[in-house]
Structures are given as C-alpha cells and as structure tokens.
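Subject: Structure handover

Hi,

Here is the structure I promised you. Please open it next to this email, and then read my notes on the strands below.

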Amino acid sequence: MKFSWRWFGDEDNISLEKINQIPGLTGIVTAIYDQPAGTVWSIKKISKLVQRINNYNLELTAIESVPVPEEIKLGSPDRDSYIEVWKENLQNLSSLGIEVVCYNFMPAFDWFRTDLQKPLMDGSNSLFFSQKELNKKPLEDLVDLPGWDSNYSFNEVSSLINKYKELGEEGLWDNLEYFLKRVVPVAENYGIKLGIHPDDPPWEILGLPRIIKDKEALSRVVNIIDSESNGLAICTGSLGANEKNSIPEILKYFSKKGKLNFVHLRNIKHFGDKEFQETAHYSSSGSLDMFEIMKILVETDYSGPIRPDHGRMIWDEKGRPGYGLYDRALGHSYILGLYEALIKGSGNFYG
Ligand SMILES: [Mn+2]
C-alpha cells in the first residue's frame, strides 16, 4: 500500500517539508491546479511537479484529478476535442512515470456540503450535510460553496443544472460509456490505471443526475470495458454517507476483482436520513469500521495508493475545509498503525 497525502501545490499552505515529517508517508497525490479543465498539461510542467516532490524523497502516487470537462459529461457536440486533450494528458503523465489517475463524473460540481464548519462535541469542527437543510436553501445561497467551480456565475450554474436535468441519469451513463470507450484503451496502452471517484454525497441533489452511488453502479462502470485500467477510486466517506452501502463488502468485492486502483479513507457519522458529519478517522468516532476496512485491504493484498481523506479542523487550525494538517496527520498515523498491526499479526512482515 502506498501511504499518500493530498497536496494542493502552490495553493496549499501545508508545505512538502511539513508533509515529509509525517511518519510512514511515501506518496503525494496532486494535480496541475493552475489550468482550467480541458487544457493540456505540458510535460515540462508535470516534470517540474514530479521533481519538486521527488526532492523530498516522496513519490507522486496518483493524480487527483484530471478534471472531466462538462462538455464530455453533457455529451456536447465538441466533446471529442476535449477527449483528445484528456488522452494527451494521460500520455504526458505516463511519460513521467505516473500510474494512477483519479477522475469523477459528477455533474456541475464536485462534493457538496451544507455546512463547512459544523462544531462537533469536542469543540472541533468539520463538514456536514443535511438534505433537509439543502431543501430549504435557495440556489443563490449555495453557489459560493467550494464544491462549485468559481468560474461559473449563478446564471451559468442554473443553465448548467437545467441541461443536466434534461440529460437525466441514463443520458449521463451514455456519456460516461462514450468517454471510457475512448480513454480506457489509451490508459491501458500507457500503463495508467484510472479510478472513478464516487459521487459525494451518493444521491441525487438539486435534481441533478448522480450515477456513481453504490455497488451496482460501480459494477456497471467496470463492466463498460473489462480492463485493469478501468477501475475505481473507492472513497469510504463518500459511499459510506449512504448507510445502505457496506464499505467492507464493496472493497472486498472490487479489490478481489482487481478493480481497486485508489482508496480514500475517511469516517463519517450518520444522523438519520441523508444527514451526516465528517469525523475523526478512528472507528468509534464515526459510523464506519476502519479496522474492518483496513483488514480487507490487507487481506486482498491491495497495493495501490491510499490516503486519509478529509479531516476535522482541530487545535485552532484554519485552512481549506477538510484539508487541514493536524487531523489528517492523526488519521494517517492511525491507519498506518492498523496496517502494521494487521501485517504483523497475520505473520506477514512487510519490507
Ligand atoms: Mn474522497
């Protein structure tokens, strides 16, 4: 397993120097952040990024993400030119030894929350989602949340949402299939494993189609083309927001099939129907059993990148919601401890 950390490059106030002081971390997950979706990442730029990371004896273990432009997700007439750019990015990334690329197929925006700083009982705060609260808010109040692409105005967001409503779930599936049939053979050719990140939260919001939300949907993705390049980035917190998704079962099923290319570890606490808050990684802090999850990854010999996903804000830290230093470092250390215990307890010593 490649224990990794998400780093936002120059925009990140947590330096590689600090990250390098976290015990047992060997990998960095990052992307080119200063270019819009649908543009070519030059070999020169990727090479500089890789070099910067390697200077700290760290490895770039996964790209998260190569964004999929709305034109591809919507199936716009010009989508082929954007798919060509995506393929070129795979080629450029592979030329620098990158093996894992994460992407998502969420319409209009990435993850979504109703509160970015909801207090927990211990005085820390974290991200929170409540469908009931979302239903009460007018759209105008929501577009400032960081899940939105800030390049869009309110009117543009509304028109985008309407286009997706017209497209519907099956239309979105068709466009994912069209995309994968073109990019997976290229990824395979360049030795890159793709991992689709589940929708977060994994249900329909604002009337938008959301398709990557359960085991059935993940099966449908991997069955579009049978290739080890056509895999999954399982995010325990995203899928786990729906109590019906059994994360250990999902991980076991896809890891055994060789479809698991990337893992995000995060715990969340359910508060009832479509309401949850992100918690510390420790099992008892939330609703997910992290021991069980790590046990399955060890037992199925998962060897790809793994990273602590969002953490709480603790010890008065201020920063990017979900991506502070302290709680993610605690989460990583805890996960690493589970890993060591599992490996040594099973009699298999890791080298
Ligand atoms: Mn995630």
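Below is what I found in its sheets and in one helix.

Keep in mind that this is a predicted model.

Start with the barrel. Eight strands close up in the order β1-β2-β3-β4-β7-β8-β9-β12. Their pairing is parallel. From one strand to the next, the twist averages 30 degrees.

One pair in the barrel is worth a look. Strand β3 covers residues 59-64, and strand β4 covers residues 100-104. They run parallel, joined by two bridges. To find the spot, go to I63: its bridge partner in β4 is V101.

Next, the helix. Helix α11 spans residues 326-345. Three strands lie under its path: β1 (2-6), β9 (260-265) and β12 (305-308). Against β12, helix α11 runs at about 130 degrees.

Now the other sheet. This one is open and has four strands, ordered β5-β6-β11-β10. Here the pairing is antiparallel. Which strands sit at the edges? They are β5 (115-119) and β10 (267-270), and each of them pairs on one side only. Ignoring direction, neighbouring strands of this sheet are turned by 40 degrees against each other on average.

Edge strand β10 pairs with β11, residues 275-279. Four bridges hold the two together, and they run antiparallel. Look for I268 here: E278 in β11 stands opposite.

A reminder on the pairing itself: strands of a sheet pair through backbone hydrogen bonds, either parallel or antiparallel. You have one case of each here, with the parallel barrel and the antiparallel open sheet.

Best wishes

Methods. Residues numbered from 1 in each chain as written. Predicted model: local features only at pLDDT ≥ 70, side-chain atom pairs only at ≥ 80, totals over all residues. Pairing = 2+ DSSP bridges. Axes fitted to C-alpha atoms, helices over the stretch in contact; angles between N-to-C directions. Contact = placed C-beta atoms within 7 Å.
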